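Student: Got a minute to go through the charged side chains in this one with me?

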Amino acid sequence: MTESTPFQRAQAAMDAAHAEDPKREATEGADERPAELLYAQRMSDWLARVAPEASEPLQLAVRAQHLRRWEVPRDDYPRDRPGYLAWRRDLGRRQAALAETIVREAGYDEAAVEHVGALIRKENLKRDADTQALEDTACLVFMAHYFSDFAREHDDDKLVRIVAKTWRKMSPRGHELASALTLPEREREIVARALSA
């Protein structure tokens with residue numbers, strides 16, 4: 001029997017946590033999976049396009065981006081912009097701490113543990129290549145898999161603002177991959193408006 005590596009142990013532990021998500025989501029193949037496990041798999045798939053040579057800490061941070069997110073509902077915070085930002089900040093800190101514990105217990109050294117946590121907290125965005133790759137990956141997963149459902153809940157003007165903000169967070173590589181996405185007509189028009197604003 002082959003002994004598992006720290007990377008395999010860490011990813012398996014993260015996926016076991018994701019699999020506890022009570023929300024299910026249908027995949028393209030029509031089977032249902034825990035929503036956060038599906039999200040994590042999509043994140044890993046997109047990271048392979050954004051940064052094919054990604055380090056193990058970056059691969060693990062990407063996999064842990066939404067670690068146990070369902071345990072901190074958005075509705076626990078005020079339904080305004082400060083409430084949203086507080087929710088995102090608290091989630092990032094919590095997810096980083098959970099991921100650091102998993103990575104440490106899998107056998108990584110403290111430098112790798114700290115790197116994973118810093119990436120999930122999105123420290124040094126725009127200045128750190130790994131943090132930027134994680135951000136690009138998250139933006140691409142949103143646009144490729146969740147934008148259409150999100151768009152049904154919001155008016156065009158709000159969506160244009162959100163896409164414009166999302167685009168500003170991305171690198172040229174992220175822009176290149178996002179521009180190649182096949183989006184429905186309404187979403188295509190929203191992206192075009194956002195980029196021309």
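Tutor: Sure, let's take the salt bridges, then a histidine, then the surface charge. Keep in mind that this is a predicted model.

Student: Okay, how many salt bridges are found in the whole structure?

Tutor: A search of the whole structure gives 17. As background, side chains of opposite charge can pair when their charged atoms come close.

Student: Start with arginine 68. Which residue does it form a salt bridge with?

Tutor: Glutamate 20, with the closest N and O atoms 2.7 Å apart. Arginine 68 sits in the loop between α3 and α4, and glutamate 20 in the loop between α1 (6-18) and β1 (24-26), so the pair ties together parts 48 residues apart in sequence.

Student: And arginine 68, buried or exposed?

Tutor: Arginine 68 counts as buried because its relative accessibility is 18%, and the cut-off for buried is under 20%. Glutamate 20 is partly exposed, at 49%.

Student: Which residues are linked with those two in a network?

Tutor: Glu71 and Arg94: together with Glu20 and Arg68 they are linked in a network of salt bridges.

Student: What about lysine 122, what does that one form a salt bridge with?

Tutor: Glutamate 135, and there the closest N and O atoms are 2.9 Å apart. That pair links distant parts of the chain, with lysine 122 in the loop between α5 (110-120) and α6 (129-152) and glutamate 135 in helix α6, 13 residues apart. Glutamate 135 is buried, at 4% relative accessibility.

Student: Now aspartate 157. Where is it, and where is its partner arginine 193?

Tutor: Aspartate 157 is in helix α7 and arginine 193 in helix α9 (residues 185-196), 36 residues apart. Their closest N and O atoms are 2.9 Å apart. Aspartate 157 is partly exposed at 44%, and arginine 193 is partly exposed at 38%.

Student: Switching topic: what does the side chain of histidine 66 contact?

Tutor: The side chain of glutamate 36, through a polar contact of 3.1 Å. Histidine 66 lies in the loop between α3 (56-63) and α4 (81-106), and it is buried, with a relative accessible area of 12%.

Student: Last one, the surface. Which residues gather in the patch of positive charge?

Tutor: Arg81, Lys158, Arg161, Lys165 and Arg168. Helix α7 (residues 156-169) gives the most to that patch, with 4 residues.

Student: How exposed is lysine 158?

Tutor: Lysine 158, which lies in helix α7, is partly exposed, with a relative accessible area of 34%.

Key: Residues numbered from 1 in each chain as written. Predicted model: local features only at pLDDT ≥ 70, side-chain atom pairs only at ≥ 80, totals over all residues. Heavy atoms only, no water. Patch = residues over 30% accessible without salt bridge, like charges linked within 9 Å, V, L, I, M, F, W, Y side chains within 5 Å. Areas by Shrake-Rupley, 256 points an atom, 1.4 Å probe, with all protein chains shown as cover. Salt bridge = Lys/Arg side-chain N within 4 Å of Asp/Glu carboxyl O. Lys, Arg positive; Asp, Glu negative; His and termini not counted. Charge placed at Lys NZ, Arg CZ, Asp CG, Glu CD. Helix = DSSP H or I, 4+ residues; strand = E, 2+ residues; numbered from the N terminus. Buried < 20%, exposed > 50% of the residue type's maximum accessible area, 1.4 Å probe, protein only. Polar contact = N/O pair within 3.5 Å; in protein donor to acceptor, adjacent residues only side chain to side chain.
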